Amino acid sequence: MLFHRGAEPSKLFYLESGGLRLIRPGRDGADITIQSIHPGETFAEASVFSEAYHCDGVATVASVVLATPRQVFLECLRSDPAFALAFTQRLARQLQQARTRCEIRGIRSADERVMTALRVLESEQGVATIPGTWMQWASEIGLTHEALYRVLSRLQKQGRLARDGRSVRLFPTDRIAT
């Protein structure tokens, strides 16, 4: 645990290596992943301007996290326009990514939800690499891991994708087997 929901925020964080999740308990008590944090990302930005952390920050693997004291960060924003602009641009990209995650979670069809989420991760070579574990990714896109495995199996049988570990090769829709 890096921080707990309800605790007073004292730092802004940057993930140098490893992986983290920002989570909240759901109505049924199971953790809901609000965001998966990947190397090179800052997190807990909103909490710098809040009285309390709004979620728990949990490392999913051994991680290296850099922490900047809240007051130091705020002073940099006030005194360095280039820093403030770069940080605002980073927040804008993260907001776009959050909106994409919301859009994906709103897709009713599990098959299409998975395909859309994979297309977001797809490289120019047609390969999507899943960040973290399959179980974590399932939670991020709003599926149980059991449902995700069923969908992946079905999509593979349909010829829409091929899996190799955490990598998924996506095929054009005109190659779908009937």
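Q: Leaving aside its neighbours within four places in sequence, which residues is R70 in contact with?
A: In this predicted model, R70 is in contact with P9, S10, K11, S47, V48, F49 and S50, once neighbours within four places in sequence are set aside. R70 is found in helix α1.

Q: Why is R70 said to have no salt bridge?
A: The nearest side chain of opposite charge, E8, is 4.5 Å away. A salt bridge requires the nitrogen to lie within 4 Å of the carboxyl oxygen, so R70 and E8 do not qualify. R70 is nevertheless buried.

Q: What puts the buried residues of α1 on the same side?
A: The buried residues of α1 are R70, F73 and L74. They cover an arc of only 95° around the axis, and therefore lie on the same side of α1. The cover over these buried residues includes β1 (11–17), β6 (64–69) and α2.

Q: What makes R78 and E75 a salt bridge?
A: Their side chains meet at 3.6 Å, N to O, and the limit is 4 Å, so the pair counts as a salt bridge. R78 and E75 are three residues apart in helix α1 (residues 70–79), which is about one helical turn.

Q: Why is R78 called exposed?
A: R78 has a relative accessible area of 59%. Exposed means over 50%, so R78 is exposed. Its partner E75, at 42%, counts as partly exposed, because that class runs between 20% and 50%.

Q: How do you know that R154 and D111 form a salt bridge?
A: The N to O distance between the two side chains is 2.7 Å. Since the cut-off is 4 Å, the pair is a salt bridge. It links distant parts of the chain: R154 belongs to helix α5 (residues 145–157) and D111 to helix α3 (residues 110–121), 43 residues apart.

Q: Why does D111 count as buried?
A: D111 has 13% relative accessibility, and buried means under 20%, so D111 is buried. R154, at 38% relative accessibility, counts as partly exposed.

Q: What makes E112 and R160 a salt bridge?
A: Their closest N and O atoms are 3.1 Å apart, which is within the 4 Å limit, so this pair counts as a salt bridge. E112 lies in helix α3 and R160 in the loop between α5 and β8 (161–164), so the bridge ties together parts 48 residues apart in sequence. R160 is buried at 9% relative accessible area, whereas E112 is partly exposed at 33%.

Q: How many salt bridges does the structure hold?
A: The structure holds four salt bridges; among them are R78 with E75, R154 with D111 and E112 with R160.

Q: How many aromatic pairs does a search of the whole structure find?
A: The search finds eight aromatic pairs. F83 and F87 form one of them, with centres 6.3 Å apart and planes at 15°.

Q: Why is the pair of F83 and F87 called stacked?
A: The angle between the planes is 15°. Planes under 30 degrees apart count as stacked, so the pair falls in that class. F83 and F87 both lie in helix α2 (residues 81–105), four residues apart, about one turn of the helix. F83 is partly exposed at 30% relative accessibility, and F87 is buried at 8%.

Q: Why is the pair of W134 and W137 called edge-to-face?
A: The planes of W134 and W137 make an angle of 80°, with 6.0 Å centre to centre. An angle over 60 degrees counts as edge-to-face, so this is the class of the pair. W134 and W137 are three residues apart in helix α4 (residues 134–140), about one helical turn.

Q: What makes W137 count as buried?
A: W137 has 3% relative accessibility, and the buried class is under 20%, so W137 belongs to it. W134 is also buried, with a relative accessible area of 12%.

Q: What links F3, F13, F43 and Y53 into a cluster?
A: Ring pairs link these four residues.

Q: How many helices and strands are there in the protein chain?
A: The protein chain has five helices and nine strands. Buried residues make up 37% of its 178 residues.

Methods
Residues are numbered from 1 along each chain as its sequence is written. This is a predicted model: local features need pLDDT of at least 70, side-chain atom pairs count only at pLDDT 80 or more; totals for chains, interfaces and linings use all residues. Side-chain values use heavy atoms; hydrogens and water are left out. Helices (H or I, at least four residues) and strands (E, at least two) are DSSP runs, numbered from the N terminus. Buried means under 20% relative accessible area, exposed over 50%, partly exposed in between (1.4 Å probe, protein chains only). Rings of Phe, Tyr and Trp (its six-membered ring) pair if their centres lie within 6.5 Å; planes under 30 degrees apart count as stacked, over 60 as edge-to-face and the rest as tilted. The arc is that of the directions from the helix axis to the C-beta atoms. Contact means heavy atoms within 4.5 Å. Lys and Arg count as positive and Asp and Glu as negative; His and the chain ends are not counted.
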